[in-house]
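Let's walk through this model together, one region after another. Keep the viewer open as you read.

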Amino acid sequence: MASTISRGRWAATMTLLSTLALTACGGGSTQPEPEETRAQDSRQFSPDPSRLPFSAVAGAPETDRWWGVLDGAGYRVEVPKNWNGMLVMYAHGYGGTGPTVNVSDPPIREHLIRNGYAWGASSFSKNYYDVRAGIEDTNGLALAFQRIAAQNGRTLAAPTKTYIVGTSMGGHIAAAAVDAETQETANNKVRYDGSVPMCGVLGDTELYNYFGASQIAAQQLAGMPVTTWPVPNWAEQGPKVRSALFTTFPTATTPQGDQYKEIVKQLTGGERPMFNEGFAGSMNATVWGTFGRDGTINGILNREGYDTTGIVYQFDNDPALTATEQSFNQTAYRLRADPEANRLRRDGLRWFPKTNARINVPVVTIHTLGDVYVPFSMEQIYKRRAMAQGTDKWLVQRAIRGVSHCDFTVEEQASAFDAMALWDQKGVKPEGDEVLDRATVAHPHYGCKFSSRSRTPNACPAS
């Protein structure tokens, strides 16, 4: 049977064969061909040691707390005196572009230590959207857990279970960390027993395809269509495009803006509760802040990584395309990713790790419905991938009636973690939400089941 192989895998294979041939002929060993560098590789970051110490949670069970620097990343580790033998790794969200990397405690920290779990969190050794660094540094800290404890005078057995949770970019990390491709290609290899990605970038590069598609749609509706990419004069065009679509940004739209709003709704998950509030919120401005860039994701890639060839622009929740929609799709400028931009690499993970849904441990996700920055469509993309892989039996997804990005209560996050842990430890698969059926997602009560009752004004309808 004929087979295909990526250029990256081909190069790696040929390098290996050349090395073996030279050795066999008495030519000695050779070093593998070095990988190319990118802008991210030359950027320098460091943790601030003064910001690493952290205090005990008032009224919580007694713990040991340790902090330090590991391979250029700051870390925090907390272990209850009555440790249950299990470890939870927490991956934080996007840390910006500054030179200082910072550690964040897990939002469910108190819940974890009250239930006997130890936890660890890394600052990551690099800022920007560097998921590769996030995975390697989080895994590296998990592998150093016993050594750190011993250095601080406490002898601990290896964890009986190791889980990973994360928010936003950390959700991307948490999903990729349990993916088979990561386990095959990471330098620091950790076999997690379960994962809880929260508001995660579960579609990996599909998030950036959405950003590019949104800009293209906005310009086309404003009568200033994209003709080349990146748009060279976006600083001049951007305010004009915005004025054509909004009378007050982002809360009040023009007739063209109404169409743009509907396109964004469909790109972000379709008709659903909380979308209108989310579109009118600050996350819409954050999306517009990505416009005008090229597809290298701020130097994480070297080549164009955006691809809108698979984007279908729609003006309503009916998947059948009208003549107007067909015309819009035919005339919309299309971005095509360079196949080399995010290929497999010879030195470890892809530069932009994939969430292929090649999973074999429990994964429980939560996502807010109103988020237009890392939108609910990420869940739909991930579910389709899992179904295609035949791994959807390991996936449970929950919709939360939040308006903004990662707009969760502690209760919602703790509930998702407990559901995943019970599934892993006792075999009790938790309940979740259907994310692909349009009618289900559009129902006024959608997201009520797993949202905190304390939510206001976004409480579920009375009937």
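A good place to begin is C199, which is buried, with a relative accessible area of 0%; here buried means under 20% relative accessible area, exposed over 50%, and partly exposed in between, using a 1.4 Å probe and protein chains only. Before going further, note that this is a predicted model, in which local features need pLDDT of at least 70 and side-chain atom pairs count only at pLDDT 80 or more, while totals for chains, interfaces and linings use all residues. Residues are numbered from 1 along each chain as its sequence is written, and side-chain values use heavy atoms, with hydrogens and water left out.

What does C199 form with C406? The two make a disulfide, with their sulfur atoms 2.1 Å apart; a disulfide is a pair of cysteine sulfur atoms within 2.5 Å. The torsion about their S-S bond is about 95 degrees, so the disulfide is right-handed. This pair links distant parts of the chain, 207 residues apart: C199 sits in the loop between β8 and α7 (206–221), and C406 in the loop between β12 and α14 (410–426). Helices (H or I, at least four residues) and strands (E, at least two) are DSSP runs, numbered from the N terminus. Unlike buried C199, C406 is partly exposed, with a relative accessible area of 24%. A search of the whole structure finds one disulfide.

Now for the sheet. Eight strands form an open sheet with mixed pairing, in the order β2-β3-β6-β4-β7-β8-β11-β12; two strands pair if DSSP finds at least two bridges between them. At the edges stand β2 (63–70) and β12 (395–400), each with a single partner strand, so one side of each has no neighbour in the sheet. Neighbouring strands are turned by 15 degrees against each other on average, direction ignored.

Strand β6 (residues 118–122) runs antiparallel to β3 (residues 73–80), and four bridges join them. Across this pairing, E78 stands opposite W119, and V77 has G120 as its bridge partner. With β4, β6 pairs in the parallel sense over four bridges, and there Y90 stands opposite A121. Is β6 buried or exposed on its two faces? Both are covered: A118, G120 and S122 on one side and W119 and A121 on the other are all buried.

At the edge strand β12 you will find A399. This residue is buried, with a relative accessible area of 0%. Leaving aside residues up to four places away in sequence, A399 touches H367, L369, F376, D433, Y446, G447, F450 and S451, where contact means heavy atoms within 4.5 Å. The C-alpha atoms of A399 and V79 are separated by 31 Å, with the two positions 320 residues apart along the chain.

Finally, look at the helices. Helix α5 (residues 169–177) lies across β4 (86–91), β7 (161–167) and β8 (194–198), running at about 145 degrees to β7. Axes are lines fitted to C-alpha atoms, for helices over the stretch in contact, and angles run from 0 to 180 degrees between N-to-C directions. The axes of α5 and helix α3 (residues 131–143) come within 9 Å and cross at roughly 65 degrees. In this contact, V131, G134 and I135 of α3 meet M169, H172, I173, A176 and A177 of α5.
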